[in-house]
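The exercises below ask you to read a protein model closely and to justify each reading step by step. Please look at the sequence and the structure before you begin.

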Amino acid sequence: MASAIGAAALTSAAEATASPATLEVSIYGLRSMKGNVLVCVTANPRFFPDCGKDPKSFRATVPARDSAQVSFRGITQGTYAVALVHDENGNSKMDMAIFVPKEGFGFSRNPAIVTGPPKFKAAAFAIDSPEVSQRVKMKYML
């Protein structure tokens, strides 16, 4: 009898840890309320920071005025990274001036930007509980 109760407790604990999670992304530092904020969440380093081609990514396009908090539900446990673009002109892409972004950007864990986007590892974080949050500051080069 005791082993049946122990097995049931183990099964319940395993089910609880395997259940999908919610990721809350808090965005701050927008320089204007124009356009949209493009948010992309990926677990695949090959598709970071432009995870638009990752079929397993989570994506959202949110009007800048409503972008302070973006939620993603149904994310399985694992290691993820978030990339953001403040698409001020609403053309659904990052506009560049030669090699410098003309629009804002941000990444989970707010890594230092030296030359080019950070590596996945610098922006990666674990989703290992039912609710995880990331606070991302938008950065502007021009």
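**Exercise 1. A positive phi in a loop**

Is S92 buried or exposed? Describe its backbone and its place in the chain as well.

*Solution.* The model is a predicted one, and the values below are computed from its atoms. Begin with the location: S92 sits in the loop that runs between β5 (78–87) and β6 (96–97). Next, take the backbone, where phi of S92 is near 65 degrees, a positive value in a residue that is not glycine. Finally, consider accessibility: the relative accessible area of S92 is 56%, and because exposed means over 50%, S92 counts as exposed.

**Exercise 2. A second residue of this kind, and a surface patch**

Determine which loop holds I98, and then work out which residues form a nonpolar patch with V100.

*Solution.* I98 is placed in the loop between β6 and β7 (100–101). Its phi is positive, at about 60 degrees, although I98 is not a glycine, and with a relative accessible area of 75% I98 is exposed. Moving on to V100, this residue belongs to strand β7. The relative accessibility of V100 is 33%, so V100 is classed as partly exposed. On the surface, V100 joins M141 and L142 in a nonpolar patch, and together the three have about 270 Å² of accessible area.

**Exercise 3. The disulfide and a cis peptide bond**

How many disulfides are counted, and which parts of the chain are tied together? Add an account of the peptide bond from F48 to P49.

*Solution.* Start from the count, which comes to one disulfide. The partners are C40 and C51, whose sulfur atoms are 1.6 Å apart, and this separation satisfies the criterion because a disulfide requires cysteine sulfur atoms within 2.5 Å. As for its geometry, the link of C40 and C51 has -135 degrees about the S-S bond and is left-handed. C40 belongs to strand β2 while C51 lies in the loop between β2 and β3, so the link ties together parts that are 11 residues apart in sequence. Both C40 and C51 are buried. The loop between β2 (36–42) and β3 (58–63) also contains P49, and the peptide bond leading from F48 to P49 is cis, with omega near 10 degrees.

**Exercise 4. A buried serine and its polar partners**

Which backbone atoms lie within polar contact range of the side chain of S108, and is S108 buried or exposed?

*Solution.* First locate the residue: S108 occupies the loop between β8 (104–107) and α2 (120–123). Its relative accessibility is 0%, so S108 counts as buried. Then look for polar atoms around the side chain of S108, one of which lies 2.9 Å from the backbone nitrogen of V82. The backbone oxygen of A123, in turn, lies 2.5 Å from a polar atom of the S108 side chain. Setting aside residues up to four places away in sequence, S108 touches A81, V82, A122, A123, F125, Q134 and V136.

**Exercise 5. A serine with a side-chain partner**

What does the side chain of S32 reach, and with which side chain does it make a polar contact?

*Solution.* S32 is located in the loop between β1 (21–28) and β2. With 16% relative accessibility, S32 counts as buried, because the cut-off for that class is under 20%. The side chain of S32 reaches the backbone nitrogen of K34 at 3.3 Å, and it also makes a polar contact with the side chain of E88 at 2.9 Å. Beyond its neighbours within four places in sequence, S32 is in contact with A64, H86 and E88. Measured against R65 instead, the C-alpha to C-alpha separation of S32 is 8.4 Å, with their positions 33 residues apart in sequence.**Exercise 6. The chain as a whole**

How many helices and strands does the protein have, and in what order do they run?

*Solution.* The protein contains two helices and 10 strands. From the N terminus on, the order is α-β-β-β-β-β-β-β-β-α-β-β. Buried residues account for 39% of the 142 residues. Among contacts between residues at least 6 apart in sequence, 70% join residues at least 24 apart. The protein exposes about 8300 Å², of which carbon and sulfur atoms supply 58%.

Conventions:
Residues are numbered from 1 along each chain as its sequence is written. This is a predicted model: local features need pLDDT of at least 70, side-chain atom pairs count only at pLDDT 80 or more; totals for chains, interfaces and linings use all residues. Side-chain values use heavy atoms; hydrogens and water are left out. Helices (H or I, at least four residues) and strands (E, at least two) are DSSP runs, numbered from the N terminus. Buried means under 20% relative accessible area, exposed over 50%, partly exposed in between (1.4 Å probe, protein chains only). Patches are made of residues with over 30% relative accessible area and no salt bridge: like charges are joined within 9 Å, nonpolar side chains (Val, Leu, Ile, Met, Phe, Trp, Tyr) within 5 Å. Accessible areas come from the Shrake-Rupley method with a 1.4 Å probe; for residues, only the protein chains shown count as cover. A salt bridge is a side-chain nitrogen of Lys or Arg within 4 Å of a carboxyl oxygen of Asp or Glu. A polar contact is a pair of N or O atoms within 3.5 Å; within protein, one must be able to donate a hydrogen and the other to accept it, and residues adjacent in sequence count only if both atoms are side-chain atoms. Contact means heavy atoms within 4.5 Å.
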